[in-house]
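Subject: The two-chain model, with notes

Hi,

Here is the structure I promised to pass on to you. My notes follow below it, so you can read them with the model open.

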Amino acid sequence: MTLDLILFLVLALVAVATAMGMLMSRNAIYSALFLVLNFVTVAVFYLLLGGPFIAMAQITVYAGAIMVLFLFVIMLLGAESLPKAEILPWQGPLAGILGVTLIVEAAYLLVTRARPEGEIIPPGEAVNLSATIQQLGLALFRDYLLPFEVTSVLLLVAMVGAIVLIRKERRVH
Amino acid sequence: MVPISYYIILSAILFTIGALGVLIRRNALIIFMSVELMLNAANLAMVAFGRIHESFSGQIFVFFVIAVAAAEVAVGLALIVEIFKSKRSIDVDQMNSMKG
């Protein structure tokens with residue numbers, strides 16, 4: 001068992017544990033904080049996979065901006081936990097069965113049919129250098145220029161949409 | 001050396017936990033966070049495949065997914081705040097009428 005495998009297994013354990021923590025927490029604040037930890041763990045996975053830029057983007061955008069927005073809304077609404085209400089008794093077990101079915105199907109297809117080949121070679125010193133980020137930038141602005149521009153339009157539309165949704169409606173006379 | 005199938009299985013597990021969150025929880029914010037977790041699981045698989053094929057496309061797709069997730073969160077949280085204003089609750093079981 002190599003060092004990389006041990007590192008992977010520890011990180012995978014942390015990722016699954018924090019995801020379960022997010023699922024189980026009664027308090028929405030704790031859920032959000034567990035999810036932040038999960039995102040940071042996934043960012044470390046990106047570093048292991050030789051993607052330093054995407055790892056940093058993950059931390060700044062996901063673990064930073066998006067989760068701060070979530071925490072802000074949770075605290076703004078004061079909706080940490082919902083009051084007890086009658087819940088459908090069969091919902092939990094049914095969801096469990098469906099989830100187990102999903103994971104078993106995915107694992108079965110992965111083992112029997114898809115069988116992705118290859119091993120992840122840990123990035124050497126050369127991978128986490130600015131050269132790869134330069135290549136990434138060239139690919140982004142050369143091959144994927146149109147999607148990049150469309151993304152900027154999408155962000156603008158989302159911003160305008162959020163403002164329109166939140167704005168108080170004025171009566172039209 | 002970590003086989004890529006380990007990464008894919010981890011991705012599948014995280015995706016399933018996210019799907020379970022959407023199915024089980026009643027708090028709209030936590031359902032939303034579970035959706036983010038599912039997006040993240042898919043991103044992990046994409047970066048792993050990109051690494052195997054020595055290609056940057058996986059990472060660039062993840063970059064776009066992160067941007068789309070940011071847009072989605074902005075609009076989704078605005079909707080949740082609006083729903084809270086009209087219903088005083090973000091329990092999805094309460095959202096059973098079209099009229100605000």
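Let me begin with a single residue in chain B. B:E54 counts as exposed, because its relative accessible area is 64%. Please keep in mind throughout that this is a predicted model. B:E54 sits in the loop that joins α2 (28-52) to α3 (57-87) of chain B. Its backbone is worth a look too: phi of B:E54 is near 55°, a positive value in a residue other than glycine.

Chain B offers another case of this kind. B:R88 is not a glycine, yet it has a positive phi of about 60°. You will find B:R88 in the segment after α3 of chain B. With a relative accessibility of 59%, B:R88 is exposed.

**Where the chains meet**

On to the interface. There, 79 residues of chain A are in contact with 67 residues of chain B. The two chains bury about 6,800 Å² between them, and 78% of that area is on carbon and sulfur atoms. Several elements of chain A each supply at least two residues of the side that touches chain B: α1 (3-24), α2 (28-48), α3 (52-77), α4 (91-114), β1 (119-120), α5 (130-142) and α6 (145-166). The largest share of that side, 13 residues, comes from α3(A). By residue type, the side of chain A that touches chain B divides into 60 nonpolar, 14 polar and 5 charged residues.

What about polar pairs and charges across the interface? Between chain A and chain B there are 7 residue pairs in polar contact, counting pairs with both residues at pLDDT 80 or more. The count of salt bridges between the two chains is 0.

Strands take part in the meeting of the chains as well. β1(A) pairs in the antiparallel sense with strand β1 (residues 2-3) of chain B, over 2 bridges. If you want to display this pairing, pick A:I120, whose bridge partner in β1(B) is B:V2.

Just before that strand in chain A, have a look at A:E117, which lies in the loop between α4 and β1 of chain A. Leaving aside residues up to four places away in sequence, A:E117 touches B:I4 and B:I52. A:E117 is nevertheless exposed, as its relative accessible area is 59%.

B:N43 gives another view of the interface. This residue belongs to helix α2 of chain B. Is B:N43 buried or exposed? B:N43 is buried, because its relative accessible area is 0%, and the cut-off for buried is under 20%. Its contacts come from both chains: with residues up to four places away in sequence left out, B:N43 touches A:Y46, A:Y62, B:V62, B:V65 and B:I66.

**Salt bridges**

Over all chains, the structure holds 2 salt bridges. Side chains of opposite charge can pair when their charged atoms come close.

One of them joins B:D91 to B:R26, with the closest N and O atoms 2.6 Å apart. This pair links distant parts of the chain, 65 residues apart: B:D91 is in the segment after α3 of chain B, and B:R26 is in the loop between α1 (4-24) and α2 of chain B. B:D91 is buried, at a relative accessible area of 4%. B:R26 is buried too, at 15%.

The other joins B:K85 to B:E82, with 3.3 Å between the closest N and O atoms. Here both residues lie in helix α3 of chain B, 3 residues apart, about one turn of the helix. B:K85 counts as partly exposed, with 45% relative accessibility. B:E82 is also partly exposed, at 26%.

**One more distance**

Finally, a spot in chain A. A:M20 is in helix α1 of chain A and is partly exposed, with a relative accessible area of 30%. A:M20 and A:S31 are 11 residues apart along the chain, and their C-alpha atoms are separated by 9.4 Å.

If you only have a few minutes, I would suggest opening the views of B:N43, which touches residues including A:Y46 and A:Y62, and of the salt bridge between B:D91 and B:R26.

Happy browsing, and all the best!

How values were computed. Residues numbered from 1 in each chain as written. Chains lettered and ligands numbered in written order. Predicted model: local features only at pLDDT ≥ 70, side-chain atom pairs only at ≥ 80, totals over all residues. Heavy atoms only, no water. Contact = heavy atoms within 4.5 Å. Buried area = accessible area lost by both parts, 1.4 Å probe. Salt bridge = Lys/Arg side-chain N within 4 Å of Asp/Glu carboxyl O. Polar contact = N/O pair within 3.5 Å; in protein donor to acceptor, adjacent residues only side chain to side chain. Helix = DSSP H or I, 4+ residues; strand = E, 2+ residues; numbered from the N terminus. Nonpolar A, V, L, I, M, F, W, Y, C, P; charged D, E, K, R; others polar. Pairing = 2+ DSSP bridges. Buried < 20%, exposed > 50% of the residue type's maximum accessible area, 1.4 Å probe, protein only.
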